[in-house]
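Q: Please take a close look at the strand pairing in this model. Then follow the side-chain contacts outward from there to the rest of the chain.

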Amino acid sequence: MEKNQIQDTAETAGGKRALELVIKRRGKPWEAAIFDAGKEVASIDRKAVHDFLVSSADGRVWELTSSVHGERRPFSMRASRIGGPEESAFTIRDNLLQHHGRFYVLGGKPEGRPLGDLLFGRRYICRLDGFPFADLGEVDGATWSRLKRFRGPAVGELDGIGTEGHSVRLSGELEDIALPLAASSYLLYSTA
C-alpha cells in the first residue's frame, strides 16, 4: 500500500493526519522506545510477566495486558489508560480490535489488493465495515475461524521487527489510541 492511500483514508476520517510511529528495542524485548518523526514520544516497560506499561512523554500512561476476557491468548491485548477516560481503552482478541464501536483486524487483507501481494512483508490493519457483531464478546467460533477472509479498507500498516525498528502507520481514525496500539503491535508481532 502506498503512503498516500493511508493519508487518503485519514482525510475521510475527520481530516486527522496519518501517523508514523517507530518502535525500537532498547535491551530486553519488552523494553522499547516509541518515536514520532525521530523524537521519542513514549516508552514500553514490563510491569509483570504478561503486563506492560506505555508511558508517554506528556505523562499519560497505559497498562497493556495479554489477559483478555479472563484468559491469556496469543495475538490478544487489552489496553487501558491509567487515570484516563474509558474511550482510550481497547481490546484486541485474536487480531480483532474493537474501538469506538468499530471493528478492525490486525494482519488483515485490504480490499482491492490481490492476495498474492500480501503473503510477505507488511501487515495491514483493516476496518471491517458491516461486521455482523456489536461486541467483541459476541463473536462466535465460526466467525473466528473465517476472520482472515474478511476484507476492508486499510487504515494502518505494520512493518519490520523490533530490533531494527517496528514501523506502525495509522490513519487519523486511530490517532486517539496510536501509542498503545503501536506498543501492542510491537509486543504482539516483534517479541513473541
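A: Two strands count as paired if DSSP finds at least two bridges between them. Strands (E, at least two residues) and helices (H or I, at least four residues) are themselves DSSP runs, numbered from the N terminus. The model is a predicted one, in which local features need pLDDT of at least 70 and side-chain atom pairs count only at pLDDT 80 or more, while totals for chains, interfaces and linings use all residues. Residues are numbered from 1 along each chain as its sequence is written, and side-chain values use heavy atoms, with hydrogens and water left out.

Strand E1 covers residues 19–25, and five bridges join it to strand E15 (residues 166–170) in the antiparallel sense. In that pairing, Ile-23 stands opposite His-166. E1 also pairs antiparallel with strand E2 (residues 32–36), again over five bridges. These two strands, E1 and E2, make a hairpin with six residues between them. Across from Ala-33 in E2 stands Lys-24.

Lys-24 has a ring contact as well. A charge sits over a ring if NZ of Lys or CZ of Arg is within 6 Å of the ring centre and within 35 degrees of the ring normal. Lys-24 lies over the face of Phe-35, 5.8 Å from the ring centre. Arg-46 has such a place over Trp-30, at 4.0 Å from the ring centre.

Two residues then lead on from this ring and charge. Take Arg-46 to begin with: it is in contact (heavy atoms within 4.5 Å) with Asp-51. Leaving aside neighbours within four places in sequence, the contacts of Asp-51 also include Leu-64, Thr-65, Ser-66 and Arg-72. Asp-51 is found in strand E4 (residues 51–56). Its relative accessibility is 15%, so Asp-51 counts as buried; buried means under 20% relative accessible area, exposed over 50% and partly exposed in between, with a 1.4 Å probe and protein chains only. The side chains of Asp-51 and Thr-65 are joined by a polar contact of 2.5 Å. A polar contact is a pair of N or O atoms within 3.5 Å; within protein, one must be able to donate a hydrogen and the other to accept it, and residues adjacent in sequence count only if both atoms are side-chain atoms.

Trp-30 leads to the far end of the numbering. Its C-alpha atom is separated by 9.3 Å from that of Ser-190, although the two residues are 160 apart along the chain. Ser-190 is found in helix H3 (residues 178–190) and is partly exposed, with a relative accessible area of 22%.

Helix H3 also takes part in an aromatic pair. Rings of Phe, Tyr and Trp (its six-membered ring) pair if their centres lie within 6.5 Å; planes under 30 degrees apart count as stacked, over 60 as edge-to-face and the rest as tilted. A search of the whole structure finds four such pairs. One of them joins Phe-75 and Tyr-189, tilted at 40 degrees between the planes and 5.6 Å centre to centre. Phe-75 lies in the loop between strand E7 (71–72) and strand E8 (77–81) and Tyr-189 in H3, so this pair ties together parts 114 residues apart in sequence. Phe-75 is partly exposed at 35% relative accessible area, whereas Tyr-189 is buried at 15%.

Phe-103 and Phe-131 form another tilted pair, with ring centres 4.7 Å apart and planes at 45 degrees. Phe-103 belongs to strand E11 (residues 102–110), and Phe-131, 28 residues away, to the loop between strand E12 (123–127) and helix H2 (141–146). Phe-103 is buried, with a relative accessible area of 3%, and Phe-131 is buried with 9%. Ring pairs link both of them with Phe-133 and Phe-150 into a cluster.

Two loops hold backbone exceptions. His-69 has a positive phi of about 55 degrees although not a glycine; its loop runs between strand E6 (67–68) and E7. His-100, also not a glycine, has a positive phi near 50 degrees. His-100 lies in the loop between strand E10 (96–99) and E11 and is exposed at 51% relative accessible area.

For the whole protein, there are three helices and 15 strands. Buried residues make up 47% of the 192 residues. Among contacts between residues at least 6 apart in sequence, 47% join residues at least 24 apart. The average pLDDT, the predictor's confidence in each residue from 0 to 100, is 82, and 84% of the residues score at least 70. Over residues 1–15 the pLDDT is below 50, yet this stretch has 28 contacts in the model beyond near neighbours in sequence. Where pLDDT is low, the predicted coordinates should not be read in detail.
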